[in-house]
Amino acid sequence: MTADQWRGECLGVAGHPLVRTPNVDALAAQGVTFLNHYANAAPCSPARACLYTGLYQQTNRVVRNGTPHAHRFDNVALAARRAGYTPTQFGYSDQAADPTIVPAGDPRLLTYEGVLPGFDVRVKLPEDEKPWLSWLRAQGVDAPSREAAHRPVGSDARVSDAPPGYAAGQTQTAFLADEFIRWLGEQDGKWFAHLSFLRPHPPFIVPAPYNTMYSPDDVGRFRRAATPQDDAAVHPLIALAHQATGLGSFLIDGSGPVAGLSDAEFRQLKATYFGMISEVDAQLGRVFDALKAASVWNDTLVVFTSDHAELMGDHYLLGKGGYHDQSQHTPLVIYDPRGGARGKTVDAFTEAVDIYPTLLEAMDVAPAHVADGSSLLPWLAGTPEHWRDAAHWEFDFREVSLQTAETALGIDSTGLSMVAIRTSRWKYVHFAALPPLLFDLESDPDNLVNLAGRPDYLAVRLEMAERLLSWRARHLDQTLALVELTPMGVVRRAAPR
């Protein structure tokens, strides 16, 4: 199960002082929660490519929404088929078709919202949300379009706690949960389902009672400088984001720059976002109850995570992407009924690329390529002997069709990328064609003071740059590099961890 844009700290089990997530917390009580889990890319298509293939962006090369997902890569759905399952998608996987194997004129080449190869589709919920809108209209809700459905009722304010015209039992999350529960009743053997929930992705609006569940006065501080100008001065990427990020992507009929929102408006949006998380949690509870009612809870491996997170007012931004933790730190809870720890929390750094090898090990099926991630199942039983001591992620901000970023920065598309390495103390960010960043997370957890150009931090910068180079070198595609043809036959080696 994936949510979309759920911040990693927004769980009761993670110690959030305000957000209530009783159903995910109940799952965590029976399983293992990974408190330092990170997406490896953003936005949706790149993030999911890492999750589905177990490969970093440097190898899978899905760099933006609309970048084709190369057919040569294995993924969780194809692996599930090798294990005898019929993997079924509810929602979306956002993997653009490979034009080298899809004929010209095929409609799949007109959208980034393609289906991950290997999945059967029970219900697809694309960006226009037409299946959900049709379901709403059948229930008597006036929803001729996505915009009409999500338009606030009873308020003309740019940002408010006004609800939409649909009720709590009529959300996109409820729609997908209903479809899964109905499908579950049809199963009489082993099954594999991917529930891909849209929320708490924008537009930021939620029905009662969730719209007023949290007060804007209680949402806590934002991680940012004193003014948008001060934040933008930290790095050109933030200045570009302030310039390019408009409210229209987050609010129906929204206009103007996100960075121009008032503190009160940011606070209301954050309160709404928290309400959206609690709404998804409630529907997750329905899914868990359905599994128990069908007497399959004790036979089902459950993985809950998010594709990436959400800045939600930090650094005067909304959305995802870049070098801030708030964009990449995501929740992860795994429940394995076969045994292992119950109610355990793991502080070690884990990553989205770990999901692919975890699921394949659980299904006892061999991967068709060498994954960059490592199975998390050993954490359910104990503590692995060797594990990473840093998180890594990549962000590519090229705009191949519109060339907006390229024009604004005067850099060609191949130069608009970054990669971050984050330890418990340091974060180093290297850009292809922009200045690097170095932050001391102990003294500067909000990433506001760039130390990369200071002579007294040169040794740290070089150490982190070397670590990043070593990480890249180690994670070049090893699928055939660990195979050798000899007179005695084909020799294969597993990738060391």
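A residue counts as buried when its relative accessible area is under 20%. Keep that cut-off in mind, because Glu-129 has a relative accessible area of 1% and is therefore buried. What you have on screen is a predicted model, so the tour below is a tour of that prediction.

Let's stay with Glu-129 for a moment. This residue sits in the loop between strand 4 (120-124) and helix 5 (130-138). Its backbone is a bit out of the ordinary too: phi is positive, at about 60 degrees, although Glu-129 is not a glycine. Most residues other than glycine have a negative phi. Asp-253 is another non-glycine with a positive phi, here about 65 degrees. You'll find Asp-253 in the loop between helix 9 (236-244) and helix 10 (263-293). Is Asp-253 buried or exposed? Its relative accessibility is 56%, so Asp-253 counts as exposed, whereas Glu-129 is buried.

While we're on backbone oddities, have a look at the prolines. Most peptide bonds are trans. Ala-42 and Pro-43, however, are joined by a cis peptide bond, with omega at about 0 degrees. Pro-43 belongs to the loop between strand 2 (32-38) and helix 2 (44-53). Another cis bond links Pro-202 to Pro-203, and there omega is about 10 degrees. To find Pro-203, go to the loop between strand 5 (193-195) and helix 8 (228-232).

Back to helix 2, which spans residues 44-53, for a word on cysteines. How many disulfides does the structure hold? The count is zero. Take Cys-44: the nearest cysteine sulfur is that of Cys-50, and it is 13 Å away. A disulfide needs the two sulfur atoms within 2.5 Å, so Cys-44 and Cys-50 don't make one. Seen from the other end, Cys-50 is likewise in no disulfide, and its nearest cysteine sulfur is that of Cys-44. As for their surroundings, Cys-44 counts as buried at 5% relative accessibility, and Cys-50 is buried with a relative accessible area of 0%.

Now for the aromatics, and there is plenty to look at: the structure holds 25 aromatic pairs. A good one to start with is Phe-90 with Phe-180, whose ring centres are 5.7 Å apart and whose planes stand at 80 degrees, so the pair is edge-to-face. What does this pair tie together? Phe-90 lies in strand 3 (residues 88-91) and Phe-180 in helix 7 (residues 172-184), so the contact links parts that are 90 residues apart in sequence. Both of these phenylalanines are buried. Next up are Trp-183 and Trp-191: their ring centres are 5.7 Å apart and their planes are at 90 degrees, so this pair is edge-to-face as well. Trp-183 and Trp-191 are both buried.

Some aromatics gather in a group. Phe-204, Tyr-214, Phe-250, Tyr-273 and Phe-274 form one aromatic cluster. Lysines get involved with rings too. Lys-190 lies over the face of Tyr-85, at 4.5 Å from the ring centre. Lys-270 does something similar with Phe-222, lying over the ring face at 4.8 Å from its centre.

Further along the chain comes a sheet. Four strands make up this open sheet, in the order 10-11-12-13 and with antiparallel pairing. Which strands stand at the edges? They are strand 10 (391-396) and strand 13 (437-440); each has a single partner strand, so one side of each is left without a neighbour in the sheet. From one strand to the next, the twist averages 15 degrees. To see the pairing up close, zoom in on strand 10 and strand 11 (residues 417-422), which run antiparallel and are joined by six bridges. There, Phe-395 stands opposite Met-418 of strand 11.

We'll finish at a hairpin. Strand 14 (residues 483-486) and strand 15 (residues 489-492) pair in the antiparallel sense over four bridges. How many residues lie between the two strands of this hairpin? Two residues separate strand 14 from strand 15. Within the pairing, Thr-486 faces Gly-489, standing opposite that residue of strand 15.

Definitions and conventions
Residues are numbered from 1 along each chain as its sequence is written. This is a predicted model: local features need pLDDT of at least 70, side-chain atom pairs count only at pLDDT 80 or more; totals for chains, interfaces and linings use all residues. Side-chain values use heavy atoms; hydrogens and water are left out. Rings of Phe, Tyr and Trp (its six-membered ring) pair if their centres lie within 6.5 Å; planes under 30 degrees apart count as stacked, over 60 as edge-to-face and the rest as tilted. Buried means under 20% relative accessible area, exposed over 50%, partly exposed in between (1.4 Å probe, protein chains only). A charge sits over a ring if NZ of Lys or CZ of Arg is within 6 Å of the ring centre and within 35 degrees of the ring normal. Two strands pair if DSSP finds at least two bridges between them. Axes are lines fitted to C-alpha atoms, for helices over the stretch in contact, and angles run from 0 to 180 degrees between N-to-C directions.
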